[in-house]
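Me: Please take one part of this model and examine it closely. I should like a connected account that begins with the whole fold, settles on the part chosen, and then follows the contacts and charges around it.

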Amino acid sequence: MKYSPLLALALALAPGIACAAPSADARREIAQLIASLDGSQCQFQRNGSWYGPADARSHLQRKYDYLLKKNMVDTAEQFIERAASQSSMSGKAYRIRCPGQPEQTSAAWFGARLQALRQRTP
């Protein structure tokens with residue numbers, strides 16, 4: 001298959017323009033989301049195993065750092081969708097269980113945390 005030079009140039013540039021770097025507000029929100037799990041008594045399930053908050057924070061921070069290097073995240077919503085919702089390897093949804101609360105998907109848990117953060121921030 002033969003590609004035109006214009007198509008080849010567009011494909012070469014596309015990864016670099018897919019997302020901009022996160023704004024200061026987005027970086028703050030993402031840091032607060034990661035910290036909210038680390039500061040909780042909740043457990044985090046990935047690929048069928050449960051992890052404590054510190055291990056979960058470390059895992060999500062590594063995923064976020066990877067996405068930043070690849071220029072693939074510029075909002076807190078993208079962080080939730082691309083790093084905090086499911087395993088990149090297996091595709092299985094992450095889950096969170098907290099004392100006194102029903103187990104839920106991590107996407108729902110982080111989405112609720114983000115909404116609460118935004119309601120508190122003027």
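**The sheet and its surroundings**

Reply: In this predicted model, residues 24 or more positions apart account for 59% of the protein's contacts that have a separation of 6 or more. The secondary structure consists of five helices and four strands, and along the sequence these follow the pattern α-α-β-β-α-α-β-β-α. Of the 122 residues, 30% count as buried. The protein exposes about 7,500 Å², of which carbon and sulfur atoms supply 56%.

The part chosen here is the sheet. It is an open sheet of four strands in the order β2-β1-β3-β4, and the pairing is antiparallel. Strands β2 (49–51) and β4 (104–105) stand at the edges; each has a single partner strand, so one side of each is left without a neighbour in the sheet. Helix α3 (residues 53–69) packs on the sheet, where it touches β1 (43–46) and β2, and its direction makes about 50° with that of β1.

At the β4 edge, strand β3 (residues 95–97) runs antiparallel to β4 and is joined to it by two bridges. In one of the pairs across these strands, I96 has Q104 in β4 as its bridge partner. A charged pair can also be followed here: the side chains of R95 and E103 meet in a salt bridge, with N and O 2.7 Å apart. The relative accessible area of R95 is 25%; burial requires a value under 20% and exposure one over 50%, so R95 is partly exposed. E103, with a relative accessible area of 39%, is likewise partly exposed.

The loop between β1 and β2 contains N47. Its phi is near 50°, a positive value in a residue other than glycine. For comparison, most residues other than glycine have a negative phi. N47 is partly exposed, with a relative accessible area of 40%. Which residue has a C-alpha atom 8.7 Å from that of N47? The residue is G91, which stands 44 residues from N47 along the chain. G91 is placed in the loop between α4 and β3, and G91 is partly exposed at a relative accessible area of 39%.

The helix on the sheet deserves its own inspection. K63 has its place in helix α3. This lysine is buried yet has no salt bridge, and the nearest side chain of opposite charge, E81, is 11 Å away. A salt bridge here requires a side-chain nitrogen within 4 Å of a carboxyl oxygen, so the distance of 11 Å to E81 does not qualify. What does K63 touch, its neighbours within four places in sequence left aside? Its contacts are R82, A83, Q86, S87, S88 and Y94.

Beyond helix α3, the loop between α3 and α4 (76–82) holds N71. N71 also has a positive phi, about 55°, although N71 is not a glycine. Its relative accessibility is 21%, and N71 therefore counts as partly exposed, the limit for burial being under 20%.

Charged pairs complete the account. Side chains of opposite charge can pair when their charged atoms come close. The structure holds five salt bridges, one of which is the pair of R95 and E103 already described. Another is formed by E77 and R118, whose closest N and O atoms are 2.5 Å apart. This pair links distant parts of the chain, for E77 lies in helix α4 and R118 in helix α5 (residues 106–120), 41 residues apart. E77 is partly exposed at 37% relative accessibility, and R118 is partly exposed at 36%. Salt bridges that share partners join E29, E77 and R118 into one network.

A further salt bridge lies within a single helix. The side chains of D25 and R28 meet at 3.8 Å, N to O. Both residues belong to helix α2 (residues 24–38), where they are three residues apart, about one turn of the helix. R28 is partly exposed, with a relative accessible area of 30%.

Notes:
Residues are numbered from 1 along each chain as its sequence is written. This is a predicted model: local features need pLDDT of at least 70, side-chain atom pairs count only at pLDDT 80 or more; totals for chains, interfaces and linings use all residues. Side-chain values use heavy atoms; hydrogens and water are left out. Two strands pair if DSSP finds at least two bridges between them. Contact means heavy atoms within 4.5 Å. Axes are lines fitted to C-alpha atoms, for helices over the stretch in contact, and angles run from 0 to 180 degrees between N-to-C directions. Buried means under 20% relative accessible area, exposed over 50%, partly exposed in between (1.4 Å probe, protein chains only). Lys and Arg count as positive and Asp and Glu as negative; His and the chain ends are not counted. Accessible areas come from the Shrake-Rupley method with a 1.4 Å probe; for residues, only the protein chains shown count as cover.
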